[in-house]
Amino acid sequence: MPGIDECLLEAMRLPGARGAALVDWTSGLALGTVGEAPGGDHETTAAEAAELARMAAEHGAFAAHGDDRPPVEDVIVSNHDSYHLLRFVDTTFDSSVFLHLWLGREEGNLALARIRLGEMATRLVLG
């Protein structure tokens, strides 16, 4: 079972990966980062991505009903040259973390990245 660093390095092996981070969406802090950050600053990117994650996770319109898992599995944001994939991690504590993968649009495969990030999130060991 991989820890944070191993998980982020695995994410960077995905085609088109530019950068990855594990972020606490309640505080906006990056718990680990690797690669590039959009705009050049991992902490700013983590805080901004946390706002988006918090909005999706805390609004009932986006939540699945009837179980104790995080309310949202992932959030995908696309722009003209890249994708941002936020994958929520189910944890034994409050499930307030997510993996953020930044993919180049030309080289990246969004479907593959979504599947692999989901697999990584289930294997990630925090603690």
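# Salt bridges, cores and surface charge in a predicted model

Me: How many salt bridges does the structure hold?
Reply: This is a predicted model, and its side-chain contacts are read here with that in mind. Counting a salt bridge where a side-chain nitrogen of Lys or Arg lies within 4 Å of a carboxyl oxygen of Asp or Glu, the number of salt bridges that the structure holds is seven.

Me: In what order do the elements of the protein chain run from the N terminus on?
Reply: The secondary structure of the protein chain comes to three helices and five strands. Taken from the N terminus on, these elements follow the order α-β-β-α-β-β-β-α.

Me: How many residues apart in sequence are the parts that the pair of Glu-73 and Arg-87 ties together?
Reply: The side chains of Glu-73 and Arg-87 meet in a salt bridge, with an N to O distance of 3.9 Å. Glu-73 lies in the loop between H2 and strand S3 (74–78), whereas Arg-87 belongs to strand S4, so the pair ties together parts whose separation in sequence is 14 residues.

Me: Is Arg-87 buried or exposed?
Reply: Its partner Glu-73 has a relative accessible area of 45% and is therefore partly exposed. For Arg-87 the relative accessible area is 14%, and the cut-off for a buried residue is under 20%. Arg-87 is therefore buried.

Me: Which strand holds Asp-74, with which Arg-87 forms a salt bridge?
Reply: In the salt bridge between Arg-87 and Asp-74, the closest N and O atoms are 3.3 Å apart. Arg-87 lies in strand S4, and the pair ties together parts that are 13 residues apart in sequence, because Asp-74 lies in strand S3.

Me: Which helix does the salt bridge between Arg-114 and Asp-74 bring in?
Reply: The closest N and O atoms of Arg-114 and Asp-74 are 2.7 Å apart. Asp-74 is buried at a relative accessible area of 15%, while Arg-114 is partly exposed at 33%. The pair ties together parts that are 40 residues apart in sequence, because Asp-74 lies in strand S3 and Arg-114 in helix H3.

Me: Which residues are linked in a network of salt bridges?
Reply: Asp-74 forms a salt bridge with Arg-87, and Arg-114 forms one with Asp-74 as well. With the salt bridge between Glu-73 and Arg-87 added, the linked residues are Glu-73, Asp-74, Arg-87 and Arg-114.

Me: Which elements give two or more residues to the largest nonpolar core?
Reply: In soluble globular proteins, nonpolar side chains tend to be buried together. The largest nonpolar core here has 20 residues, of which Val-89, Leu-99, Leu-101, Leu-117 and Met-120 touch the most other members. The elements that give two or more residues to this core are helix H1 (4–12), strand S1 (17–24), strand S4 (82–89), strand S5 (97–104) and helix H3 (110–123).

Me: How many residues does the second, separate core have?
Reply: Trp-25, Ala-50, Val-72 and Phe-98 are among the members of this second core, which is separate from the largest one. The number of residues in the second core is 15.

Me: Which residues gather in a patch of negative charge on the surface?
Reply: One of them, Glu-51, is found in helix H2 (residues 42–58) and counts as exposed at 52% relative accessibility. The residues that gather in this patch are Asp-41, Glu-43, Glu-48 and Glu-51.

How values were computed: Residues are numbered from 1 along each chain as its sequence is written. This is a predicted model: local features need pLDDT of at least 70, side-chain atom pairs count only at pLDDT 80 or more; totals for chains, interfaces and linings use all residues. Side-chain values use heavy atoms; hydrogens and water are left out. Patches are made of residues with over 30% relative accessible area and no salt bridge: like charges are joined within 9 Å, nonpolar side chains (Val, Leu, Ile, Met, Phe, Trp, Tyr) within 5 Å. Accessible areas come from the Shrake-Rupley method with a 1.4 Å probe; for residues, only the protein chains shown count as cover. Lys and Arg count as positive and Asp and Glu as negative; His and the chain ends are not counted. The place of a charge is taken as NZ of Lys, CZ of Arg, CG of Asp or CD of Glu. Helices (H or I, at least four residues) and strands (E, at least two) are DSSP runs, numbered from the N terminus. Buried means under 20% relative accessible area, exposed over 50%, partly exposed in between (1.4 Å probe, protein chains only). A nonpolar core is a set of buried Ala, Val, Leu, Ile, Met, Phe, Trp, Tyr and Cys residues joined through side-chain atoms within 4.5 Å.
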